[in-house]
Amino acid sequence: MARTSRSSGLETRTNRLKLAGGKAEFVAIGAGLSLGYRRSLNKAGNGTWQVRLWTGEKYVKHALGDADDYLDADGANVLTYWQASNKARAFAEEARKPDIPNSKPVTVKEAAQHYLEWYREHRKSYRETEATVNAHILPAWGDKLLMEATTPAIKRWHENLATTPARKRVSMLATGTAYREKPVTADAKRARKSTANRILTVFKAIANKAFRDGLVSDDTAWRRVKPFENADEPVTRFLTEAESTRLVNACRADFRQMVKAALFTGCRYGELSRLLVKDVNLDTGMIYISPEAKSGKGRYIPMNVEGMDFFQAAIAGKTGKDYVFPRNDGGPWGKNHHVRLLKDACAQAKVEPEIGFHELRHTFASHLAQSGVDLLTISKLLGHADTRITSRHYAHLCDNTLKAAVAKLPSFGHQAETKVRAIR
């Protein structure tokens, strides 16, 4: 790196504090490149560093950080004159690379917008991903340059996510953000680490997209940040046959149809809520699940004898464009229409702890796994992209080798206890 130009007026904090507050002072440190310092109007506050770069068409300015007027420099947020000069040169070097569109380094916010535009057209769960970006990534990184996201900074952010309490859903009329209690138990801490890993994955996806598209020239910083280990170990909750029967009987009539369909097919709530009569083929014994997004793939799910009988009754008297499972009022099921109904049914059926609708999907897959169905088949029935997702949740249920091994143990003198006693 070229030698940094000296400036007696800006090099030392003593001389900087003699400058008038609110006015930026610039010193040339390269061709078309200047380092600026603006003293705070608050006499007890740190001044700020900024870079000004001539691109050949216009000046580009960017804030570099605080000056070490009253705080010791840390090389990241609080900078000495020399550190600010080096950071300004790095900014200029990145900005002048020919593969950077418009010769302007991108902020994390711009990279996120670039990623979300692509995501909307090519992936599912756009709203969830957008919500993650808005809630966890932009508040911490939004206006910072992606090229300035260092490995230590990303690690600190990732670790902070794991110790921050989970956010609460609040009324639309409420102001501010509400949080749950700080994680204390081992399960709660593992859950927060799992959430932090998912958010880190989104951040890396944004950064990797920017790198692949030439918005930044190096991906080393975030590649070095690894997710927490053993944080995503799933605890798969599924119902026994007896629990399933009690739950079905406890449901409201129209919702009971949705619950039974989930148990017979392993379909998601959204898939069942938009299922049309034309997608049920009684001749082949198959139902067709249409894709949720442009990049999604549809799948066919075969029905057993009981499933055939159930679906035959569900579509009786309906036309092909009708919903298979309408609500009592004839309309389709909305996003959260099922939440209260399932909660009440769990309470009445004494299903504890209560389950979410997705656990019905787990129940379908778990019973298949316990019956000896291989993971590839289960993966296809569930519509998973590959067997890794399926394996994480159900591999332990498919492994009959362990059960067979334990079955060979001796009795160790154990005798089954019984309450039946001989009459003397």
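A residue counts as buried when its relative accessible area is under 20%, as exposed when that area is over 50%, and as partly exposed in between. The exercises below use this scale on a predicted model.

**Exercise 1. Overall make-up**

Task: State how many helices and strands the chain has, and what share of its residues is buried.

Solution.
- Step 1. The chain has 16 helices and 8 strands.
- Step 2. The chain has 424 residues, and buried residues make up 38% of them.
- Step 3. Take the contacts in the chain with a separation of 6 or more; residues 24 or more positions apart account for 56% of these.

**Exercise 2. Lys350 and Pro353**

Task: Decide whether Lys350 is buried or exposed, and describe the backbone at Lys350 and at the peptide bond from Glu352 to Pro353.

Solution.
- Step 1. Locate the residues. Lys350 is in the loop between α12 and α13. Pro353 is in the loop between α12 (339-349) and α13 (358-370).
- Step 2. Apply the scale. Lys350 has a relative accessibility of 62%, so Lys350 counts as exposed.
- Step 3. Look at the backbone. Phi of Lys350 is positive, about 55 degrees, although Lys350 is not a glycine. The peptide bond from Glu352 to Pro353 is cis, and its omega is near -5 degrees.
- Step 4. Set this against the general pattern. Most residues other than glycine have a negative phi, and most peptide bonds are trans.

**Exercise 3. Two helices that pack**

Task: Describe how helix α5 and helix α6 pack, giving the angle and the distance between their axes, and say which residues meet.

Solution.
- Step 1. Helix α5 covers residues 151-163 and helix α6 covers residues 186-212.
- Step 2. The angle between the two is about 140 degrees, and their axes are 7 Å apart. The crossing of α5 and α6 is right-handed.
- Step 3. From α5, the residues in the contact are Ile154, Trp157, His158, Leu161 and Ala162. From α6, they are Arg192, Lys193, Ala196, Asn197, Ile199, Leu200 and Phe203.
- Step 4. Sorted by type, the residues of this contact are 8 nonpolar, 2 polar and 2 charged.

**Exercise 4. Cysteines**

Task: State how many disulfides the structure holds, and decide whether Cys251 is buried or exposed.

Solution.
- Step 1. The structure holds 0 disulfides.
- Step 2. Check Cys251. The cysteine sulfur nearest to that of Cys251 belongs to Cys346 and is 7.8 Å away, and Cys251 is in no disulfide. The cut-off for a disulfide is a pair of cysteine sulfur atoms within 2.5 Å.
- Step 3. Apply the accessibility scale. Cys251 has a relative accessible area of 4%, so Cys251 is buried. Cys267 also counts as buried, because its relative accessibility is 1%.

**Exercise 5. Neighbours in a loop: Lys278 and Asp279**

Task: Classify Lys278 and Asp279 as buried or exposed, and say what joins their side chains.

Solution.
- Step 1. Asp279 is in the loop between α10 (269-273) and β6 (280-281). Lys278 lies in the loop between α10 and β6.
- Step 2. The relative accessibility of Lys278 is 58%, so Lys278 counts as exposed. That of Asp279 is 11%, so Asp279 counts as buried.
- Step 3. The side chains of Lys278 and Asp279 are joined by a polar contact of 3.4 Å.
- Step 4. Look further along the chain. Apart from neighbours within four places in sequence, Asp279 is in contact with Met286, Ile287 and Tyr288. Lys278 and Val324 are 46 residues apart in sequence, and their C-alpha atoms are 8.9 Å apart.

**Exercise 6. Asp68 and Thr48**

Task: Find which side chain makes a polar contact with the side chain of Asp68, and classify Thr48 by its relative accessible area.

Solution.
- Step 1. Asp68 is in the loop between β4 (59-67) and β5 (78-79). With a relative accessibility of 10%, Asp68 counts as buried.
- Step 2. The side chain of Asp68 makes a polar contact of 2.6 Å with the side chain of Arg16. Neighbours within four places in sequence aside, the contacts of Asp68 include Arg13, Arg16 and Val78.
- Step 3. Thr48 is in strand β3, residues 48-54. The relative accessible area of Thr48 is 32%, so Thr48 is partly exposed.
- Step 4. Thr48 and Val78 are 30 residues apart in sequence and 8.8 Å apart in space, C-alpha to C-alpha. Beyond neighbours within four places in sequence, Thr48 is in contact with residues including Tyr37, Arg38 and Asp66.

Conventions. Residues are numbered from 1 along each chain as its sequence is written. This is a predicted model: local features need pLDDT of at least 70, side-chain atom pairs count only at pLDDT 80 or more; totals for chains, interfaces and linings use all residues. Side-chain values use heavy atoms; hydrogens and water are left out. Axes are lines fitted to C-alpha atoms, for helices over the stretch in contact, and angles run from 0 to 180 degrees between N-to-C directions. Helices (H or I, at least four residues) and strands (E, at least two) are DSSP runs, numbered from the N terminus. A crossing is left-handed if the near helix is turned anticlockwise from the far one by less than a right angle, and right-handed if clockwise. Contact means heavy atoms within 4.5 Å. Ala, Val, Leu, Ile, Met, Phe, Trp, Tyr, Cys and Pro count as nonpolar, Asp, Glu, Lys and Arg as charged, and the others, Gly among them, as polar. Buried means under 20% relative accessible area, exposed over 50%, partly exposed in between (1.4 Å probe, protein chains only). A polar contact is a pair of N or O atoms within 3.5 Å; within protein, one must be able to donate a hydrogen and the other to accept it, and residues adjacent in sequence count only if both atoms are side-chain atoms.
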